[in-house]
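User: I'm new to this one, so could you take a close look at a single part of it for me? I'd like to start with a patch on the surface and then see how the rest of the protein fits around that picture.

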Amino acid sequence: MNAPLDVSFFARAAKPLTSYRKYWAARFGTAQFLPVSRAEMELLGWDSCDIILVTGDAYVDHPSFGMAVIGRMLEAQGFRVGIIAQPDWQSAEPFKVLGKPNLFWGVTAGNMDSMINRYTADRKIRTDDAYTPGDVAGKRPDRAAIVYSQRCREAFKDVPIVLGGIEGSLRRIAHYDYWSDKVRRSIVVDAKCDLLLYGNAERAIVEIAHRLAAREPVEKITDVRGTVFVRRPDDESAKGWFEIDSTNVDSPGRVESHVNPYMTTSEQAAGQGSTCAKEDGQKNATTNVASNEGSTVAAGLNDLTREVNPAIRPLTFMPNPALYGKGSLKVPPRDRSVIRLPSYEQVKSDPVLYAHASRVLHLETNPGNARALVQAHGVGVTARDVWINPPPIPLTTAEMDLVFDLPYARSPHPSYADEAGSHDGATKIPAWEMIRFSVNIMRGCFGGCTFCSITEHEGRIIQSRSEDSVIKEIEEIRDKVKGFTGTISDLGGPTANMYRLGCKSPEIEAACRKPSCVFPGICHNLGTDHQPLINIYRRGRALKGIKKILIGSGVRYDLAVLSPEYVKELVQHHVGGYLKIAPEHTESGPLNKMMKPGIGTYDKFKALFDKFTAEAGKKQFLIPYFIAAHPGTTDEDMMNLAIWLKKNGFRADQVQTFYPSPMATATAMYHTGRNPLRKVHRQVEGEDETVDVVRGDKRRRLHKAFLRYHDPNNWPLLREALKAMGRADLIGNGKQHLIPTFQPMTDGSYTSARRKNSTTSTTRPAASSKLPQGRLLTQHTGLPPRDSGSTRLGEKTTRKAR
């Protein structure tokens, strides 16, 4: 049986969210929507806002949108909360629309990192934004968290700024920035915010709001878990902490004191404050029998020794005063220990120290044993320390229910509606449309995939809602959400099947420092019982008015194969034709760098999937996702993946190229060429310490082309690469070949069986050339169209655009 989260260490270590006395403004009651204008404030009877939240997303009052969750949580504590969504950042005036906040600004870039939202993995500008009405791009600035913070400071200089959201969370220390290809400072320094909240911030934001409401200066709030702030090196508040220097690699560790060889086991145990029961028992049993005889013999021996050589004495080991504090005399308490990371200036110029700092950071992510971290920024008069407190304590099941049971309107703000009052036309917000009929049942992920930032943001402790709370939300969607037709689009979270999974022992869970519970194999301490999830599925689809519940979140198939009953339930009742899973690769090299299971586990899951699909008499398919150009991937690895894809009949339309997001372990590999999953050394001592990094547009295109081996646009590049790799045997027109020898005439477009995955040509037509006499122009010659003597309109348009 899994240990319930509510009896764990974490449930005992934090103040409950419901234990605070409500702020006086609770008398104003609950707003249907949090106000976004002065007119809406007046309708609520407010003269001012206690807290104003600024976000880069459109305001959607739904529990899947971070600002809505934080706003409703603060409202439940009695505070008057206003929202400024997607303000014009060209001046500070739009930030004054709700007036001056009484307590603080809450700032976030939105549900997505603003840079990832704006740019593709190839650094090309996107033409859409799923979090904006009409899917329009350009409604938020690059590095929105920094820009918004600066405008808030400009609008009202003396109001504290509390920064949050995933953009700030993943930039809490000096980090590699893929878009500028350099190491940037902590966002706390650049945004000049007073506090940064990282991870799920309900617990921290509630405590900070009440302390600021009690007139406690923001600079004195330095003890809240999950917060980051700036301190001067000589700050008095930093005294009393035990600092552990981790600014270098290959430094000797703790020096253990030598054992006195003349001490018995019992005496050694007594010196450590314990006893050796077995030896002490034997000693006591013989003491009375031989006490008189033993004392006489011992006295005689001592006298004889002294008579032979009075200078002979037993050796006595004395501690060396010069080594005091350098040995293991006493380990400082973890809750008063702080690890000093290499400074910003060091990690900026030294990739080895960057990899080392990344490793230390990821080792200090368990709320049960993590220590505070500190990183110096600047030198001389500009020197300051970025102080990172330990991660927040996860929410209990009761607190998760509280968060998701808040009075959300579950729709975009009315100001976004069209003339008919609808959000389904030109003003549709795609991100809301995607989760409109979905239910989030848990948070966190213990997978630890190195390319993913969920663990760094939400943590690896699973926080689950109760079954009753989930069923209640399904009923609310059925009864209240406009346009519901009876299908729940998803019942999941970061992963579909980690609901109520966790460590069997609360003590082990609080002490564990492993980055993953499922790699290189599933931990024997991990409870993998899927029955609670099966119960929710069955109860949910039995509700009146619910026709079908689909699972849209990715399934962790290495966990699923341990519960065939779960796979059967999933496949026969909750798959709408296609099921997403993410093997990511087939080769052990990149999979080890990703911390993903081998492809054999995928084969086991596919066998179960096919078996239960056949039993149900259905026609269903698995949709596997793969990553191109991930650190640790060679050209041969991608070639073998392409061969596997063709052998298994897969033709990938949507291909994901590795995107180095801030603070991810794989991003540290990309930047440094080192492997932070192992101890980092200055001198490379083994092959596992270095990483083959896929850099440059040409090589990244090649790896992507291997995934789309079936696209004729990629065949010239693949032919060139296969010949260079000595694998020209894969070029031919037979079934055993990867790509053909002929080249059809293409214009750069791609036609997919799924229309939305098709692409149109964005390249200028090639310049025409004369045909040799007697040569026919066919689709296989690869020649351009014949020259008619007239200039094409498309060419004129393209030239102007360029």
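Analyst:
**The patch, and what surrounds it**

Let's begin with Phe621, which is partly exposed, at a relative accessible area of 38%. Keep in mind that this is a predicted model. Phe621 sits in strand E24, a run that covers residues 621-628. Phe621 teams up with Tyr578 and Ile623 to make a nonpolar surface patch of about 290 Å². Why can Phe621 count towards a patch? A patch residue needs over 30% relative accessible area, and Phe621 has 38%, so Phe621 clears that bar.

Now for the surface as a whole. The protein's accessible surface adds up to about 38600 Å², and carbon and sulfur atoms account for 53% of that. As for the inside, 51% of the protein's 802 residues are buried. The secondary structure is made up of 27 helices and 25 strands. Contacts reach across the sequence too: of those between residues at least 6 apart, 74% join residues at least 24 apart.

Next, the charged side chains. How many salt bridges turn up in the whole structure? The search gives 43. One of them pairs Asp194 with Arg153, with 3.1 Å from N to O. Asp194 is in the loop between helix H7 (187-191) and strand E8 (195-197), while Arg153 belongs to helix H5 (residues 144-155), so this bridge ties together parts 41 residues apart in sequence. Are these two buried or exposed? Neither, really: Asp194 is partly exposed at 25% relative accessible area, and Arg153 is partly exposed at 25% as well.

Arg340 and Asp385 make another bridge, also listed at 3.1 Å from N to O. Here Arg340 comes from strand E11 (residues 337-340) and Asp385 from strand E13 (residues 384-388), so the pair ties together parts that are 45 residues apart in sequence. Both Arg340 and Asp385 are buried.

Then there's Arg436, bridged to Glu433 with their closest N and O atoms 3.3 Å apart. What about their exposure? Arg436 has a relative accessible area of 6%, so Arg436 counts as buried. Glu433 has 29%, so Glu433 is partly exposed. Buried means under 20% here, which is why those two land in separate classes. Salt bridges can also link up into a network, as they do among Glu207, Arg211, Glu216 and Asp223.

Last stop: the enclosed spaces. The count comes to nine cavities of 30 Å³ or more. The largest cavity holds about 210 Å³ of space. Which residues lie nearest its centre? They are Pro391, Pro392, His457, Glu458 and Gly459, out of a lining of 20 residues. Helix H8 (202-213) and helix H15 (454-458) each give at least two residues to that lining. H15 supplies the largest share, with four residues.

To pull the picture together: on the outside you have the nonpolar patch of Tyr578, Phe621 and Ile623. You also have bridges that join parts separated in sequence, such as Arg340 with Asp385. And inside there's the largest cavity, with H15 as the biggest contributor to its lining.

Note on methods: Residues numbered from 1 in each chain as written. Predicted model: local features only at pLDDT ≥ 70, side-chain atom pairs only at ≥ 80, totals over all residues. Heavy atoms only, no water. Salt bridge = Lys/Arg side-chain N within 4 Å of Asp/Glu carboxyl O. Buried < 20%, exposed > 50% of the residue type's maximum accessible area, 1.4 Å probe, protein only. Patch = residues over 30% accessible without salt bridge, like charges linked within 9 Å, V, L, I, M, F, W, Y side chains within 5 Å. Areas by Shrake-Rupley, 256 points an atom, 1.4 Å probe, with all protein chains shown as cover. Contact = heavy atoms within 4.5 Å. 1 Å grid on protein atoms, 1.4 Å probe; cavity = no way out; pocket = protein on both sides within 12 Å on 5 of 7 lines; lining within 4 Å. Points joined across faces, edges and corners; volume = space filled by probe spheres on them.
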